[in-house]
Amino acid sequence: MQLPTTIRILGVPFEVALSTRILDRGVDGESNTFRQEIAILDGAPPERQGALLLHEILEVIDTELELKLRHATICALAVALYQVLSDNPGLFAACRCGHEKGGNV
Ligand SMILES: [Zn+2]
């Protein structure tokens, strides 16, 4: 998976960057809602990076919406949703009005 350099979460843009420095803090993914940044472990296998990104997206959603999810729940949702999205790449390709991916409507 090619990671995006920016991603919008709840309407807010976040910078996405690969990093090895986060290993100093003992993590392989990290999100900062104040700085609007997500760091993913550089060198991790592509599928792992995708799952890590989804995990951090869920962390941001949990923080911003004050869901107070248990970390184990976030981990489980990230793995499960990443698997579903990976196994069904065209799942959200077309909008309800019938336009294909990339349309403006
Ligand atoms: Zn986490």
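Here's a quick tour of this chain, from its overall layout to the way its helices meet. Keep in mind that you're looking at a predicted model. The chain has four strands and two helices, and the strands come before the helices as you read from the N terminus: β-β-β-β-α-α.

**The chain as a whole**
- Out of 105 residues, 16% count as buried.
- Take the contacts between residues at least 6 apart in sequence: 35% of them link residues at least 24 apart.

**How the two helices meet**
- Helix α1 covers residues 46–64 and helix α2 covers residues 71–87.
- Their axes come within 9 Å of each other and cross at roughly 130°.
- That angle is neither over 145 degrees nor in the 65 to 115 range, so α1 and α2 count as oblique to each other.
- The crossing of α1 past α2 is right-handed.
- On the α1 side, the contact is made by Gly50, Ala51, Leu54, His55, Leu58, Glu59 and Asp62.
- On the α2 side, you'll find Ile74, Cys75, Leu77, Ala78, Val79, Leu81 and Tyr82.
- Sorted by class, this contact has ten nonpolar residues, plus two polar and two charged ones.

**How confident the prediction is**
- The chain's mean pLDDT is 90, with 89% of its residues reaching 70 or more.
- Strand β1 (residues 6–9) has the highest confidence, at a mean of 98.
- Helix α2 has the lowest, at a mean of 94.

Conventions: Residues are numbered from 1 along each chain as its sequence is written. This is a predicted model: local features need pLDDT of at least 70, side-chain atom pairs count only at pLDDT 80 or more; totals for chains, interfaces and linings use all residues. A residue is buried if 20 or more other C-beta atoms lie within 10 Å of its own, exposed if 12 or fewer, and partly exposed in between; C-beta atoms are placed from the backbone. Two residues are in contact if their C-beta atoms, placed from the backbone, lie within 7 Å. Axes are lines fitted to C-alpha atoms, for helices over the stretch in contact, and angles run from 0 to 180 degrees between N-to-C directions. Angles under 35 degrees count as roughly parallel, over 145 as roughly antiparallel, 65 to 115 as roughly perpendicular and the rest as oblique. A crossing is left-handed if the near helix is turned anticlockwise from the far one by less than a right angle, and right-handed if clockwise. Ala, Val, Leu, Ile, Met, Phe, Trp, Tyr, Cys and Pro count as nonpolar, Asp, Glu, Lys and Arg as charged, and the others, Gly among them, as polar. pLDDT is the predictor's confidence in each residue, from 0 to 100.
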